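Colleague: I'm back at the bench with this one and would love a close look at a single topic: disulfide bonding. Please add a word on burial too.

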Amino acid sequence: MVVNNGAMGSKFLVETMLAGAAVFDFDKDGWPDIYIANGAHLPSLVKTTPDYHNRLFRNRRDGSWEDVTAKAGVAGEGYSMGVAAGDYDNDGWGDLYVTGVGFNILYRNQGDGTFENATARAGVGGSGWSVGAGWLDYDNDGLLDLFVVRYVVWDPATEIYCGEAKAGYRTYCHPRHYRPLANILYRNEGNGRFRDVSAQSGIAAHRGKGMGMAFGDYDSDRRLDIFVGNDTEPNYLFRNEGNGTFREVALKAGVAYNDDGKALSSMGADFRDYDNDGREDIFFTALSNETFPLFRNVGGNFRDMTHPSGIGTGSLSWTGWSTGMFDFNNDGWKDLFSANGHVMDNAELTSSRKSRQPNTVYLNRGDGTFATQRLAGMAFHRGAAFGDFDRDGRIDVVVTRLNEMPLLLRNVSGNGEHWIALRLSGTNSNRQGIGARVRVVTAAGQQWNRVTTAVGYGCTSDAIVHFGLGRESKIPLIEIEWPSGTRQILENQAANRYIVVTEQGTPFRRS
């Protein structure tokens, strides 16, 4: 396939903002599959040819992929942006929520290789321009809720001219020319339907220009909080109050602005523990010359470590979109990935930066600093979603590129380092165990990770919990804190394998 943004020279803002990807096992064969969002003809935003369809690729388990879009019934419609995969009805089959410009679609997995459009029945059609979405159980009731990140008010009929008319070129307009939108929170009612609780939860009170989002428990109160990266406006950190409401605390917590007091062009985000201290940190991408901020959780608030970590220098030249925090070389320390490409397709006319850019990996040295590694290939990279496509214990990535085929990067790093990967199955908690916190103890020390699929920019990553173990081949202790509150212990586990862990407790809830 080719990711088409529909560009015809008029510089419609939506052209530069797609495309998300999802890594999820839709057919339950144990191997992750790939779904990719796509654009549409402009300015109508209506798809008129199959060239613009979204695509679902089934992993054939031999390094090749089969396009099953038509059979599955998930080609989409209109101008898609991102995708969120999650089992919202606890039937064991991964569903899809596709975000777009003016519409969103919920596809329910029917378990036979096909999906049904359940948008109307579920009540999650939304409105406005939705960049991405993510599944989380914010109230720990065993049912996945849905958070939708929205960007700005945009209409192709009123798009203004930006650029230099006398010099004969146009550019995409700055976000300041557009009005912000509030994000949406849908609560899962447990009967195949959702209720919009944006207003009563406090989410709707904050209008931003949302792009990236990630979920984590920054204050260790066992309730998932929500980070939203806003474009050229202060970021949001919604603290889960535990009573169905959220309080916006980004300024107090130290993640609204960078160390210079500037609101950045925040894009993709991840919310994990990079320094193995048991507290979840925040990383997000931004524009060239802004750097990609790394905020270290120091206990209920954050410290900007962008420059002390070396990421400031390593990211200054690039415009980053989707990202992920994973241990790519299995040495026991989580690394960072950034999919890069300038917002402007003619950046050379107005700056010294290149429009087409390489992806970057920031390798965690384990001492609080990172080494920058540029990957081969220049493009307008956008979405990046992560999973172990060949089940060799190393995290791979699929990256979308504007007006090119997606890029599949197979991880061939490492020197015999060990690993462990867990796939959780909730009973009292939600079926995928999303939100569960996992601690692994070896002779080399402790690590923490969390089950989350909301990673990067408009993307979904596989729901496995992966740990690199370095030279440690034995795991004396694995501790799982389920969203339900159950604690589960696994002892004396061997490395280099996948483990499916079922929550101890009552049978899972069915809707």
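Modeller: Happy to help; I'll start with the ground rules and then go through the topic.
This is a predicted model, in which local features need pLDDT of at least 70, side-chain atom pairs count only at pLDDT 80 or more, and totals for chains, interfaces and linings use all residues. Residues are numbered from 1 along each chain as its sequence is written, and side-chain values use heavy atoms, with hydrogens and water left out.

Counting cysteine sulfur pairs within 2.5 Å as disulfides, the model has one. The partners are C162 and C173, whose sulfur atoms lie 2.0 Å apart. Their link is right-handed, with 105° about the S-S bond. Distant parts of the chain are joined by this pair, 11 residues apart: C162 sits in the loop between β10 (145–150) and β11 (163–164), and C173 in the loop between β12 (169–170) and β13 (181–182). Strands here are DSSP runs of E, at least two residues long, numbered from the N terminus.

As for burial, both C162 and C173 are buried, that is, under 20% relative accessible area with a 1.4 Å probe and protein chains only. Another cysteine, C459, is also buried, at 2%.

For a buried residue in a strand, try F246, which lies in β20 (residues 246–248) and has a relative accessible area of 6%. Beyond its neighbours within four places in sequence, F246 has contacts (heavy atoms within 4.5 Å) that include Y138, L185, I203, L224, I226 and F238. From M17, F246 is 229 residues away in sequence and 28 Å away in space, C-alpha to C-alpha.

Conventions: Helices (H or I, at least four residues) and strands (E, at least two) are DSSP runs, numbered from the N terminus. Buried means under 20% relative accessible area, exposed over 50%, partly exposed in between (1.4 Å probe, protein chains only).
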